[in-house]
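Biologist: I am new to this structure and would like to learn how to read it. Could you walk me through it, one feature at a time?

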Amino acid sequence: MLNEVFHLSESLKRTGVTLHSWHRHFKECPKGGQAFFVELDDQGHVANVAPITDPQIRAELRKYEKAAGYSFPSFNVPPLMQFADQATKERAAKFRKALGSKKPPETAVRDKELAYLLSVCRSGWIRSDKGARSKDAMDKLNDCLSSVTHDVMTMLGESTEESRSFVELLRRAQQTDGAALHERLKEIAMREIRSEQSEAAEWMDVLFFHSGKVPKNIAITLELVDQSQFAYPANHPKVQAWVNDRLLATETIEERHQGRLIAADAFGGVEGGGMNDSFPEIKVPVLGNVKLRAMSSESPCQRRYGLADARSFYVLQPARLEMKTALEWVTRDERRGKTWHDVSSLGGASAMLITYPSELPTEAPELAGLFCGVEGDRSDPDGSLFEACSHRVAKALKGRLVSSRNAELRVFVLTKPDGFRTKVLHSSRYSIQHLLDSADEWQEFCRNSPPVMIRQFGLKRGEEPVWQRPITPYPAEVVWCLNTVWQRMGTHAESAFDFQIADGLSLLLADDPVLRTVATRAIKAITSNSLSLLLVIGQAIHLGKVHRMGRVYGKQALLLPQILGLLLAKLDYKKGIYMKNPPYLIGRLLSLADQLHVQYCHEVRKGQVPLQLVGNGLMTNAMDTPEFALALFWQRIKPYYSWAQTVQGGEEVRLAKYFLGEIGRVCASLSERDMPSRCSDTDKVAMLLGYLARSDREKSNDDSSKTLNEGEQE
């Protein structure tokens, strides 16, 4: 991962992007769970406690944390009190539920219940079973208020007028301890529970651990009660920026004293120290905490070559900081869909795709969106379809980037297969021009299929079903379809993670032999995993019905026909060729047989249509042994064929005559060609496309608005 992130940091420097580097120990505070400001007075006593409800304020909070659990000015602590037995926990949970009800208990009842609960609980910050060397929440908090504050104060040195509030907070924090903080917080929590405010139930969670197996931590952040006496509050972003600058300056001085351990590090750097420190950890979306590199000597397997920890790969501290900052920049929330995208659902493990041009334009294009899809619905008027996204990306990249011979697209995928260690799943580079050409070719290849129309419901509840054209898939959507296994006549879907986002990228960007290898695997998988769905969709088309697939998977019906055409094109089977070959013609013949069967049922059986049409029932045999399927076809089509030859009547009868004539023309074409004894995977795909295809005349039979219920067979 270091190589990928290093090149990212170099691109940002060349482009002139200004990065704000945060000290590796000055970290963001967790955003989940309950959080409170604990305001201290001049003597270090708790004067007020206020919930942090503004998500923007919470997102800006940072804390100095050199080791887990030892931080300032924010701490994670368990609830103040806890119970020893399950019966009391259940009683406390019942009391909490009553506090949050429409008719909460009166003050006298609250006082009585609180008094009882307090009499049977103990401090949640002190462990009764701790060993001689273990520390509980109280011990850690005391260390934070003494040794951690001392270390931070030493590193910060003299304060400015604007940052004086933070140094004052350090001084006040050193005047208190964990026991005093615990007692005062307990008093405030009890006062809030006794009050008749709506937040009383939430304060129960602060005071008592009463449900679940493990207590949920509460985040408390120290602040000054008299903030107005200072230029800024102690946790103001401007004050935090000053703290960060001082920490970075202190580390730079220490590195100079360490001296240089080697002539140059792995990336050619010669300035700075910090060689023996652990690599910094970054918190990114999707993956959580990511360490740039970890090769601990505590794992015996890491010492096989005699090198572990920092000695296994020398990188100086300045380069580490630049890489950390670059990864933070590229994975910010506002760049989702542009420089990164969540691809966890495609591989069964946490994963994110990161992509960027080596020469960044002023406004980052939707590169990640081009690979993984634009957020929003397919009917978005701004164009969440692949064609619209590709147009926007091309517009953003053309010009300076395309004309530069060095401009290239960089793509890599990070994943946590075990939930802990971050690995590079895929890494590749392509020229910008190759990306643009590949996007155009992708759209052209997705049109490598005959006309298909699929009946689906509208987006809003109660809308009439309409006929829709297939849509161009994003590479990630191709992987999604390949990894979906359809069962029970196309009514039940399960995931099988045989393909990764790297395979989707290869289909879009790779050349032979990688492209041919992936496309061959993909075409085999789709004929196996999606066959039952495609057959049931084909029959629904011929019946003029909607095959319900559920909200999650409904889009696949519109994606699969284009994916079939795309995969054939990637293997050099263009529709000008395969539509003249026997497999496609057989699929077309069975499609016409279905539609003739429907007309027969309308006229002769008074609309009573069987569960499976004649052509649909033969498709599986045809995809295995075409000659045998055609022999069965001539046996089963005779009643409907004879009826169509003799019947006279109105429009539906004329349509039956049309199907009869088309069957004759397809049979004539088949007689001129050699029939394969077995079907290859590409033959099967061509046959499926022939079965799904519809001519303009056939679309005139699409007036029915009948709907299949979930799980119903056609």
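Modeller: Happily, and let us begin with sheets. Two strands count as paired if DSSP finds at least two bridges between them. Keep in mind as we go that this is a predicted model.

Biologist: What holds such strands together in general?

Modeller: Strands of a sheet pair through backbone hydrogen bonds, in a parallel or an antiparallel way. One case here is an open sheet of three strands, ordered E1-E4-E5, with antiparallel pairing. Strand E1 (26-28) and strand E5 (70-72) are its edge strands, each pairing on one side only. Ignoring direction, neighbouring strands of this sheet are turned by 45 degrees against each other on average.

Biologist: How many bridges join E4 and E5?

Modeller: Three bridges join strand E4 (residues 62-67) to E5, in the antiparallel sense. To find the pairing on your screen, look for Ala67, which stands opposite Tyr70 in E5. Then look for helix H5 (residues 137-156), which packs on this sheet and touches E4 and E5. The direction of H5 makes about 60 degrees with that of E5.

Biologist: Which strands make up the open sheet with mixed pairing, and in what order?

Modeller: That open sheet has four strands in the order E3-E2-E10-E6. Strand E3 (46-51) and strand E6 (74-77) are at its edges; each has a single partner strand, so one side of each is left without a neighbour in the sheet. From one strand to the next, the twist averages 30 degrees.

Biologist: Do E2 and E10 run parallel or antiparallel?

Modeller: Strand E2 (residues 35-40) and strand E10 (residues 218-224) run parallel, and six bridges join them. Phe37 stands opposite Thr221 in E10. Across E2, E3 and E10 lies helix H7 (residues 178-194), running at about 60 degrees to E3.

Biologist: Now the inside of the protein. What do nonpolar side chains tend to do?

Modeller: In soluble globular proteins, they tend to be buried together. Here the largest nonpolar core has 115 residues, and those with the most contacts inside it are Leu353, Phe371, Leu409, Ile501, Ile537 and Leu596. A second, separate core of 56 residues includes Leu80, Met155, Trp203 and Val243.

Biologist: Which residues does Ile537 touch, leaving out those up to four places away in sequence?

Modeller: Ile537 touches Ile454, His547, Met549, Ala557 and Leu692.

Biologist: How many disulfides does the structure hold?

Modeller: It holds zero disulfides. As for single cysteines, buried means under 20% relative accessible area. Cys29 counts as buried because its relative accessibility is 7%, and Cys481 is buried too, at 0%.

Biologist: Helices next. How far apart are the end C-alpha atoms of helix H22, and what span should its residues give?

Modeller: At 1.5 Å a residue, the 22 residues of helix H22 (residues 582-603) should span 32 Å. Its end C-alpha atoms are 31 Å apart, which agrees. H22 is also mostly covered, with 20 of its 22 residues buried.

Biologist: Let us turn to the backbone. Which peptide bonds before a proline are cis?

Modeller: The bond from Phe72 to Pro73 is cis, with omega near 0 degrees, and Pro73 is found in the loop between E5 and E6. The bond from Asp512 to Pro513 is also cis, with omega near 5 degrees. Pro513 lies in the loop between helix H16 (501-509) and helix H17 (514-529).

Biologist: What about phi, and where should I look for positive values outside glycine?

Modeller: Look at Val286, whose phi is near 70 degrees, in the loop between strand E11 (281-284) and strand E12 (288-291). Val286 is partly exposed, with a relative accessible area of 29%. Asp572 also has a phi near 70 degrees and is found in the loop between helix H20 (556-570) and helix H21 (575-578). With a relative accessible area of 52%, Asp572 is exposed.

Biologist: One last stop: where does His236 lie?

Modeller: His236 lies in the loop between E10 and helix H9 (237-258), and at 26% relative accessibility it counts as partly exposed. His236 and Arg62 are 174 residues apart along the chain, and their C-alpha atoms are separated by 9.8 Å.

Note on methods
Residues are numbered from 1 along each chain as its sequence is written. This is a predicted model: local features need pLDDT of at least 70, side-chain atom pairs count only at pLDDT 80 or more; totals for chains, interfaces and linings use all residues. Side-chain values use heavy atoms; hydrogens and water are left out. A nonpolar core is a set of buried Ala, Val, Leu, Ile, Met, Phe, Trp, Tyr and Cys residues joined through side-chain atoms within 4.5 Å. Buried means under 20% relative accessible area, exposed over 50%, partly exposed in between (1.4 Å probe, protein chains only). Contact means heavy atoms within 4.5 Å. A disulfide is a pair of cysteine sulfur atoms within 2.5 Å. Helices (H or I, at least four residues) and strands (E, at least two) are DSSP runs, numbered from the N terminus. Axes are lines fitted to C-alpha atoms, for helices over the stretch in contact, and angles run from 0 to 180 degrees between N-to-C directions. The expected span of a helix is 1.5 Å times one less than its number of residues.
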